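Student: I have a sequence and a model open in front of me, and I would like to learn how to read them. Could we go through some features together, slowly?

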Amino acid sequence: MKTPCIVYDFDETLYASHGSRRLYREVWEVLTKLRHRGYHHILLTAEQDLGFQLAKIERSRVDKLFDPRSIFIVPNPTDKHEELVRIRRELRRVARDSVDLRKSVVVGDRLDCEIRYGNSLGFTTVRICRRGGKYSLRRAVSESEVPTCTISTLKGLLTICP
Ligand SMILES: [Mg+2]
């Protein structure tokens with residue numbers, strides 16, 4: 001693993017699981033550009049049915065954008081916290097300086113999951129709030145759910161991640 005990194009949620013962040021059942025159209029362009037900028041991509045997704053989620057990931061071809069060792073599927077959304085703890089530990093181990101750690105980002109559509117856990121561990125957190133998205137009308141219930149920034153498509157990451 002390298003720093004800085006961007007940890008992506010899958011459903012409704014990279015992949016329209018309630019709509020077209022494809023990757024959102026900007027995914028390839030944005031992730032390719034960010035990789036060229038030096039960001040290491042990590043996919044962290046929750047699904048009880050591991051085979052179902054793996055098939056979805058492969059069919060979408062998003063796995064071509066990630067190192068296979070950087071794709072993590074956990075059973076429950078709450079398991080993402082523990083996985084992020086592990087990721088942060090690994091980042092700390094390999095980071096040359098603390099600046100790299102602060103540049104690492106967690107991006108997702110759920111305030112009560114990716115954003116809350118990312119905040120609690122000191123990541124920069126980015127909420128993706130797409131129009132009509134399943135969680136797009138949710139409001140933060142506490143300070144711990146307030147993201148560092150909110151974007152409406154992944155293209156917003158290109159401004160946030162220099
Ligand atoms: Mg999601």
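Tutor: What follows is a conversation about a sheet, some helices and their packing, and please keep in mind that the model is predicted.

Student: Let us begin with the sheet: in what order do the six strands lie?

Tutor: The six strands form an open sheet with the order β3-β2-β1-β4-β5-β6, and their pairing is parallel. At the edges stand β3 (71–74) and β6 (149–151), each of which has a single partner strand, so one side of each is left without a neighbour in the sheet. On average, and with direction ignored, neighbouring strands of this sheet are turned by 20 degrees against each other.

Student: Over how many bridges do β1 and β2 pair?

Tutor: These two strands, β1 and β2, pair in the parallel sense over four bridges; to find one such pair of residues, look at Val 7, whose bridge partner in β2 is Ile 42.

Student: Turning to the helices, which residues of α1 are buried?

Tutor: In helix α1, which spans residues 27–36, the buried residues are Val 27, Val 30, Leu 31 and Leu 34. They cover an arc of only 90 degrees around the axis, which puts them on the same side of α1. The face turned away from that buried side carries the exposed residues Glu 29, Thr 32 and His 36.

Student: Against what do the buried residues of α1 pack?

Tutor: They pack against β1 (5–8), β2 (40–46) and α6 (157–160), so to speak linking this helix to our earlier topic. Just after α1 you will also find Gly 38, which takes a positive phi of about 105 degrees.

Student: How many buried residues does α2 have?

Tutor: Helix α2 (residues 50–60) is hardly covered, for the count of buried residues among its 11 residues is one. Following α2 comes Arg 61, whose phi is positive, near 65 degrees.

Student: And what describes two packed helices?

Tutor: Two packed helices are described by the angle between their axes and by the distance between those axes. Here, helix α3 (residues 79–94) and helix α5 (residues 111–120) pack at an angle of about 35 degrees, with their axes 9 Å apart, and the crossing of α3 and α5 is right-handed.

Student: Which residues meet where α3 and α5 pack?

Tutor: From α3 come Lys 80, His 81 and Leu 84, which meet Cys 113, Glu 114, Tyr 117 and Gly 118 in α5. The residues of this contact divide into three nonpolar, two polar and two charged.

How values were computed: Residues numbered from 1 in each chain as written. Predicted model: local features only at pLDDT ≥ 70, side-chain atom pairs only at ≥ 80, totals over all residues. Buried ≥ 20, exposed ≤ 12 C-beta atoms within 10 Å, placed from the backbone. Arc of directions from axis to C-beta. Contact = placed C-beta atoms within 7 Å. Pairing = 2+ DSSP bridges. Axes fitted to C-alpha atoms, helices over the stretch in contact; angles between N-to-C directions. Left-handed = near helix turned anticlockwise from the far one by under 90°. Nonpolar A, V, L, I, M, F, W, Y, C, P; charged D, E, K, R; others polar.
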